[in-house]
Amino acid sequence: MVRFHQFLVILILAQNILHAQKYDYNWLFGYQPSVPHPEWGLSMLDFNTYPVTITKVEEGTISFNLTNASVSDEVGNLLFYTNGIIVADGSHHMMVNGDSLNPGPTAYTFYDYGYIVQQGALILPIPGQERFYYLFHLLRREGDAQIPLPYCPFLYYSLVDMEGNGGLGMVIEKNQTVIADTLDVGKLTATKHANGRDWWILVPERDRYSYHRLLLTPDSIFNLGIQPVEPVEGYGAGSAGFVSFSPDGTKYARHDIRGFPAGHFVRLYDFDRCTGLLSNQIHLPLTDTAGVGGIAFSPDSRLMYVSSQELVYQYDVTAADVAATQLVVAETDGFTDTFDGQPWFPMTFSGAQLGPDGRIYIHSAGSSQHLHYIQYPNRPGTACEVRQHAIHLPAWTYRTIPNFPNYRLGPLDGSPCDTLGIDNHPLAGFRYEVDTINPLLVEFTDNSFYEPTEWLWDFGDGESSAEVNPLHEYSGPGTYTVCLTVSNQYDSDTFCREVAVVEPNATGETRQTIAATVFPNPASGELYLFLPVPPTGRAAFSLYDATGRPTGHWPLPAGQKLHTFPLDGLANGMYFWALTVEAQRVKGGKVVVLK
């Protein structure tokens, strides 16, 4: 009987872990100045709605500098957040006992502005114990006689009990030492263990490629030692930068920025979710003169994006030669915010974070009232659509992006460490975008989790599709309830939302209108694109198979009207094409390949 109860508890725990998935649904940015100003305050992005809801928090109590972490509960309600010095609760007031993180001169100097360690804080729920959360945070020192440049001598944890203070939470342990060592400044991240429950946390040492491996379980935090990775030395002291795990936890990337003329680079590794060990290091040098940057992976874990001040690079991490796939997908366009009518800092590309909606968000290196985002990060080339300064925030923010792991990662099925009976029960989700030229045409993007293998779309008009990312044209305007059902060997799940389409030419959009003809249809050996008036700006043509997987991407020479694309190697079937100008989709359609 005792063994039966133990099994039942494990089963219930496994299912609870599986469905905990909205911890990153609220993002905070901004200042709280001593002198009130209508454009100061906190901005909050709420991903519980689509499009994301952006609001101004009028009563916030902290400012964000580089350090930024927040956490919501399983259903997406904001619980608490931190700037590395203070912990604020969901009502935007200081949490009980939430003061004086990282005590020392740096916190004292930057108390009114926020701590200055990028990726310096990370919040993880204790597995199976929904009321308790570990807040990991790095203490910064500015250097001394032995170590002249900034470093972090301690990784601390603080423990939050969300049942304290009437459900607003309270810090019950604070500034407890996890690691005492000479650690790098920031670069704190985590991914799920292959059992789907526990967490791996990697903490880089300063001025060397060695990593502390921490394992967070329901019982404790275990330090499993330091893994040195060759070459251990030689990347330069005081390096700024960013780290990221791929969403599937199989890749770890580290972007080190040493400044001009030393340059900077990315180190890409394979990661073993069973052992927590890195392997197969790939060195990716960068030749620009960036002093800031970020790194993030596409939702399907295939493409890596490196934001590098003036540029955004893309790499295919599944290629045999990753370095050869480097492609610049965006350059800063010179946009500058204005403050009180005066030009302010030009927007650049700095910290990057994959959002729960499947888009990658990128902050500027300086003060700004905007965010960039990558609309389709699973697509190679400029078809990913880096949309610069596309999100306007109600309040100014300063060089910060929240630091989140992928909370929606299940077990590694079939691995030796898949031992807890936690199955990957799929979780359905999607977003959509209405075509700006033909508003009856809607592009749907799958945003499901936990390894679905089958997709079934109900477009609400009697039509359906089994594609992953379908295009669908409605016969007339209206509001349609669209449902996506995803399935795998364990389970299925359905998600529905309303999609409103309007009459053509009723949207008021000002994006340039492009006349384009794609022929023949069906096509066999070659496909042609005719543009009576070639578009102004950088244009590209992309082709996708019925599952949404890219099968071809061609930049278009400026001023040319007729373009030819070979169809070698393509199987018979339905394909989708898209024409983009300045990374914005302006035209699309379907074509049949029949050889």
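This passage looks at a buried asparagine, a strand hairpin and a nonpolar surface patch in a predicted model.

Asparagine first. Asn 65 sits in the loop that links strand S3 (53–57) to strand S4 (69–72). Despite that loop setting, Asn 65 has a relative accessible area of just 4%, so it counts as buried, the cut-off being under 20%. Its side chain doesn't go without a partner: a polar contact of 2.9 Å ties it to the side chain of Arg 399. Once neighbours within four places in sequence are set aside, the residues in contact with Asn 65 include Phe 110, Tyr 113, Gly 114, Tyr 115 and Ile 116. Tyr 398 and Thr 400 are also among the contacts of Asn 65, along with Arg 399 itself.

Next comes the hairpin. Strands S17 (residues 264–271) and S18 (residues 278–286) run antiparallel and are held together by seven bridges. In this pairing, His 264 faces Leu 286 of S18. Six residues lie between the two strands, and one residue of the turn, Gly 276, takes a positive phi of about 75°.

Finally, the surface. Phe 519, Phe 530 and Leu 562 make up a nonpolar patch there, and together they offer about 240 Å² of accessible area. Leu 562 belongs to strand S40, which covers residues 562–566. With a relative accessibility of 41%, Leu 562 falls in the partly exposed class, because that class lies between the 20% limit for buried and the 50% limit for exposed. Asn 65, at 4%, is buried, whereas Leu 562 is partly exposed.

Conventions: Residues numbered from 1 in each chain as written. Predicted model: local features only at pLDDT ≥ 70, side-chain atom pairs only at ≥ 80, totals over all residues. Heavy atoms only, no water. Pairing = 2+ DSSP bridges. Helix = DSSP H or I, 4+ residues; strand = E, 2+ residues; numbered from the N terminus. Patch = residues over 30% accessible without salt bridge, like charges linked within 9 Å, V, L, I, M, F, W, Y side chains within 5 Å. Areas by Shrake-Rupley, 256 points an atom, 1.4 Å probe, with all protein chains shown as cover. Salt bridge = Lys/Arg side-chain N within 4 Å of Asp/Glu carboxyl O. Buried < 20%, exposed > 50% of the residue type's maximum accessible area, 1.4 Å probe, protein only. Polar contact = N/O pair within 3.5 Å; in protein donor to acceptor, adjacent residues only side chain to side chain. Contact = heavy atoms within 4.5 Å.
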